[in-house]
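Subject: Structure handover and findings

Dear colleague,

Please find below the structure I promised to pass on, followed by an account of what came out of the analysis. I have kept to what was computed from the atoms.

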Amino acid sequence: MNQWRNFKEGLWNSEINVSDFIKRNYTPYFGDSDFLQGTTERTTSVRKKVEELLIEENNKGGVLNIDTDHVSSILSHKPGYVDKEKDIIVGLQTDEPLKRAVNPFAGYRNAVQACQAYGYEIGENINNEFKYRTTHNTGVFRVYTETMRKARHAGVLTGLPDAYARGRIIGDYRRIALYGMDYLVKERALDKKRISERDMDASTIQLIEDIEKQLEFMKQLVEMAKEYGCDITRPADNAHEAIQWLYFGYLGAVKEQNGAANSIGRISSFIDIYIQRDIEEGALDELHAQELIDDLVIKMRLVRHLRTPEYNSLFAGDPVWVTCSLAGMCDDGTTLVTKTCYRFLQTLYNLGPSAEPNITVLWSQNLPEPFKKFCAKVSIDTDSIQYENDDVMRKDFGDDYSIACCVSAMKTGKQMQFFGARCNLAKVLLMALNGGKDEIYGEQIAPEGKIFEEEVLDYEQVLEAFKYYAAWMAKLYVNTMNVIHYMHDRYAYERLMMSLHDVEPERLMAFGISGLSVLTDSLSAIKYAKVKAIKDERGIIVDFETEGDFPKYGNDDDRVDSIAKWITEFFYAELCKTKAYRGAKHTLSILTITSNVVYGSKTGATPDGRKKGEPFAPGANPMHGRDKEGALSSLNSVAKICYDCCQDGISNTFSITPDTLGDSDETRVQNLVDVLDGYFVQDAHHLNVNVLNRQKLIDAMNDPTLYPSLTIRVSGYAVNFNKLTKDKQLEVISRTFHEKM
């Protein structure tokens with residue numbers, strides 16, 4: 001085909017294999033950033049229009065407009081543009097930029113409440129359509145046991161995707177550009193024919209129905225592209241079409257599903273192949289190559305979903321996590337850094353810092369030094385990048401994985417994830433001390449056990465009680481997730497996204513821990529100090545008195561760091577004892593997003609000295625202000641947690657003052673590169689990087705006009721600081737800002 005002219009042939013010619021195509025055709029780049037270009041006049045004009053819309057959206061309380069008359073789907077809205085005459089990459093979720101659509105499949109009541117929160121009412125058309133329709137949320141609560149409901153209400157299991165779409169599924173959108181939809185539809189139809197020859201047991205019947213749903217939406221995607229004047233039945237002919245084709249795939253996915261963290265995947269090296277060919281053919285120059293990437297990123301920044309205030313309290317700042325993964329290495333030791341990796345980072349200068357897309361650099365010790373330094377410079381200038389350890393992830397996921405949400409790796413198009421929110425392990429400890437009762441409501445949630453009567457808590461006895469209740473909780477957690485994902489597949493299945501996977505992908509079920517540092521320090525206090533339990537009039541332990549000091553997580557002290565390591569390994573092993581839905585592989589994360597504030601508000605006082613209702617630390621971070629030995633000691637503590645049992649990710653958000661990094665721009669860049677290398681060489685997994693002073697955040701909180709576009713990394717993602725609620729801003733300000741290495 002002409003569309004494949006000058007491409008080197010390989011396995012990708014005879015099977016769907018984008019990874020093979022990339023390895024045979026991409027051009028590694030070892031140089032610096034000198035080739036990069038600024039914005040064109042066209043981009044500047046479009047950017048200005050978008051900025052005006054964003055100001056208007058902010059002035060209207062965060063939601064510019066809602067279409068309450070149509071259920072969001074691939075063909076639900078007429079074509080939308082930012083500027084029809086100037087858009088290069090076309091396509092919006094609705095017919096107008098920033099207009100949000102209603103997607104009630106995961107939960108109708110949730111959609112109604114989201115509309116009402118912003119002064120809208122669901123239209124009669126949607127009302128009638130869902131009057132007799134079962135949603136995912138309805139199905140889940142039909143099956144939930146009384147104990148599952150209690151655990152959810154108390155906040156022991158929290159952030160569950162039982163009232164909203166689960167998200168964290170990454171379609172391989174590159175397939176559309178490389179092969180065209182006609183070929184993909186034909187291959188999926190052949191998959192159906194092959195699978196239909198099996199015995200018709202429940203799993204086969206479910207899979208065949210899934211495939212039929214996929215085929216329906218693959219055809220609808222072709223129709224959507226036609227409405228924009230594009231023929232995606234065939235492969236892309238040039239860089240513009242390659243970007244447009246894969247973006248159409250992503251656009252169709254987020255029109256159909258409003259799940260959190262439906263990331264765009266790992267697209268930079270793929271796109272670079274087309275850009276490089278166009279440049280060699282004389283059809284494109286560097287300025288307009290950058291313009292293509294700028295325009296794609298503008299469209300990513302406009303993705304919006306309709307959320308309730310309760311959702312926003314968990315995941316603050318209106319994130320959608322359009323995570324875009326850059327760089328990394330091939331299995332053969334060749335870098336996957338291309339010029340287009342640089343071009344994506346350049347958008348943070350051309351378009352200004354932004355939370356979206358959630359740019360994730362896959363860091364390796366062997367990345368080219370100029371690229372490492374450019375990443376460090378961009379981090380220092382914008383606070384808009386996160387880093388994940390490619391050398392660790394590549395061992396398990398190969399060299400063609402993508403990151404979903406914040407920190408979750410998946411083989412692109414070959415694995416999918418059942419998102420599982422988090423278990424509040426700090427509350428599990430309190431439950432263990434109170435014989436299975438919740439410390440806030442006094443309700444018996446877990447099996448009744450001994451309430452600790454001893455004045456001074458005995459470490460070995462506490463540990464045994466915790467192990468019993470944590471094991472019980474792990475079983476409940478897996479079974480709760482099984483209910484949720486069975487119902488989501490039944491009533492809110494991701495038809496388009498799953499059509500861009502292998503027909504029988506490996507499934508991962510992602511569980512999570514919150515309160516790790518609280519639990520770790522609490523156990524350390526009981527072990528090394530003298531902790532007395534204080535009961536209220538109900539006979540429930542609600543507070544603690546601690547005499548003496550104890551080692552605190554975050555200071556590179558093995559006495560306490562080993563406790564954190566043990567907790568994750570023990571809880572993961574307990575999760576794995578209960579079979580997951582559809583044969584999914586259990587994975588675990590230490591990730592709270594911004595939910596650490598909400599989780600803390602639902603948790604009583606803990607033995608580490610944290611008071612009732614106070615926020616947790618984010619992710620795997622040490623508690624605020626307790627990591628007193630400096631930046632490197634804090635990083636060393638987190639690095640001890642084993643990725644093998646936390647393959648859904650170990651989130652660490654790191655803030656350091658500019659002066660601590662050095663007294664010149666060049667020194668700061670080199671020192672940040674050294675910090676990243678030193679952290680990741682220990683097999684650490686993830687690092688958010690903020691380089692700023694606490695006072696800047698205080699000033700921004702007191703006067704948002706001072707820094708209207710201030711972007712910070714919070715816990716696996718970036719957010720515009722001004723979009724955080726006051727309690728979230730205060731929590732971020734209270735975090736450790738390292739002032740010594």
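**Strands E16 and E17**

Strand E16 (residues 653-656) and strand E17 (residues 686-691) pair in the parallel sense over four bridges, and I should say at once that everything here rests on a predicted model. Within this pairing, Phe654 of E16 stands opposite Val689 in E17. In a regular strand the side chains alternate between the two faces of the sheet. In E16, Thr653 and Ser655 point one way while Phe654 and Ile656 point the other way, and all of these are buried.

**Cavities and the largest pocket**

Strand E16 also matters for the next topic, the enclosed space, since E16 gives the most to the lining of the largest cavity, with three residues. A search of the whole structure finds eight cavities of 30 Å³ or more, and about 130 Å³ of space lies in the largest cavity. This cavity is lined by 14 residues, of which Asn621, Pro622, Asp627, Thr653 and Thr736 are the closest to its centre. Two or more lining residues come from each of helix H23 (631-639) and E16.

As for open space, the largest pocket holds about 890 Å³, and its lining is made up of 32 residues, with Leu54, Pro708, Ser709, Asn720 and Lys723 lying nearest its centre. Helix H2 (41-59), helix H12 and strand E19 (718-720) each supply at least two residues of that lining, and the largest share, seven residues, comes from H2.

**Two polar residues of helix H12**

Helix H12 spans residues 286-301 and contains Gln290, and Glu286 has its place in H12 as well. Are Gln290 and Glu286 buried or exposed? Gln290 counts as buried because its relative accessibility is 0%, and Glu286, at 16% relative accessibility, counts as buried too, because the cut-off for that term is under 20%.

Not counting residues up to four places away in sequence, Gln290 touches Leu36, Gln37, Gly38, Arg343, Gln346, Thr347 and Asn350. With neighbours within four places in sequence likewise left aside, Glu286 is in contact with Phe35, Gln37, Ile279 and Arg343. Gln37 and Arg343 thus appear among the contacts of both Gln290 and Glu286.

**Nonpolar cores**

The largest nonpolar core has 241 residues, and those that touch the most other members are Phe270, Ile271, Trp321, Phe344, Phe371, Phe571 and Phe721. Helix H18 (residues 459-491) provides the largest share of this core, 17 residues. A second, separate core has 15 residues, including Val63, Ile66, Tyr108 and Ala114.

For one of the members of the largest core named above, Phe344, the surroundings can be given in full: leaving aside its neighbours within four places in sequence, Phe344 is in contact with Ile267, Ser268, Ile271, Ile293, Leu296, Val297, Met300, Cys324, Leu326 and Ile359.

**Cysteines**

The structure holds zero disulfides. Cys406 is in no disulfide, and the nearest cysteine sulfur, that of Cys405, lies 3.2 Å away, whereas a disulfide would need the two sulfur atoms to be within 2.5 Å. Cys406 is classed as buried because its relative accessible area is 0%, and Cys115 is likewise buried, with a relative accessible area of 0%.

With best regards

Methods. Residues are numbered from 1 along each chain as its sequence is written. This is a predicted model: local features need pLDDT of at least 70, side-chain atom pairs count only at pLDDT 80 or more; totals for chains, interfaces and linings use all residues. Side-chain values use heavy atoms; hydrogens and water are left out. A nonpolar core is a set of buried Ala, Val, Leu, Ile, Met, Phe, Trp, Tyr and Cys residues joined through side-chain atoms within 4.5 Å. Buried means under 20% relative accessible area, exposed over 50%, partly exposed in between (1.4 Å probe, protein chains only). Contact means heavy atoms within 4.5 Å. Two strands pair if DSSP finds at least two bridges between them. On a 1 Å grid over the protein atoms alone, a cavity is a set of points where a 1.4 Å probe fits but cannot get out, and a pocket is an open set with protein on both sides within 12 Å along at least five of seven lines; lining residues have an atom within 4 Å of a point. Grid points are joined across faces, edges and corners, and a volume is the space filled by probe spheres set on the points.
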